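Subject: Structure for you to look at

Hello,

Here is the structure I promised to pass on. Please open it alongside this message and follow the residues as you read.

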Amino acid sequence: MRLVLPLILLAGSAWAEDWSDLAALQSRVTSAPMLSESEWREMVEGRTVTYTIDNEFFAREFYVTGTNRVVIAVNNGICLNGIWYMDGPAFCFEWEGAAPSCFTHHRLQEGVYINGLDESDGIEIQFVADVRRTVVQCGDELLSSLPQSPTQPLLPVAR
C-alpha cells in the first residue's frame, strides 16, 4: 500500500480553524508549503473534493480521471462544468461562462487550504474537508450519493 500524500486531512471540530481573523489565517496559509500539480492531481484525480469556508460547506468538485475536466456543485445550487490548469504556481479554473479563477493550494498540519488569488473578492480561504471516490454531476442527481455535510476525516489515500 502506497500513501498518496504524507498528510491527514481532518474535518470537524477538533481541527476547526479559527476564521474570526481572516487576514491572520490567510497569512498562515500563504506561508505554508504549496502543493505541486502532481501532488494535487494524485490526491484528486477520479475523486470528489469537498470544500468548506468558515467551517461551513461551500462546494464539491469532481476531477475527471486522465483529464483536466472538473465539475463543481456549489452550496447555492449552481453546478458547472469546467477545466483546470496551472499558471505558474496557481491552479486556475475556467467554468462555463465565467472568467478564470486562480488559487494556490497549501499544506498545513490540519490539512489542505485553498487561497483565492482574485483580490477584487477580498480574502478567500477554503479548506479541503473531504476527498472521496464518488462523482458529482450537474442535474437532478447532483449530490444524491454524497452526505449533506462532510463528517468523516480523510485518511491517506492508498492505491
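Below are notes on the disulfides and on one charged patch.

This is a predicted model, in which local features need pLDDT of at least 70, side-chain atom pairs count only at pLDDT 80 or more, and totals for chains, interfaces and linings use all residues. Residues are numbered from 1 along each chain as its sequence is written, and side-chain values use heavy atoms, without hydrogens and water.

A disulfide is a covalent bond between the sulfur atoms of two cysteines. Here the term is applied to a pair of cysteine sulfur atoms within 2.5 Å, and the count by this rule is two. With the bonded cysteines numbered in sequence order, the pairing is 1-4, 2-3.

One disulfide links C79 and C138, with an S to S distance of 2.1 Å. C79 is in strand 4 (residues 79-87) and C138 in the segment after strand 8 (125-132), so this pair ties together parts 59 residues apart in sequence. Strands are DSSP runs of E with at least two residues, and helices are runs of H or I with at least four, numbered from the N terminus. The link of C79 and C138 is left-handed, with -90° about the S-S bond. C79 is buried, at 18% relative accessible area, while C138 is partly exposed at 32% (buried is under 20%, exposed over 50%, partly exposed in between; 1.4 Å probe, protein chains only).

The other disulfide joins C92 and C102, with the sulfur atoms 2.0 Å apart. Its torsion about the S-S bond is about 110°, so it is right-handed. C92 is buried, at 0% relative accessibility.

Regards
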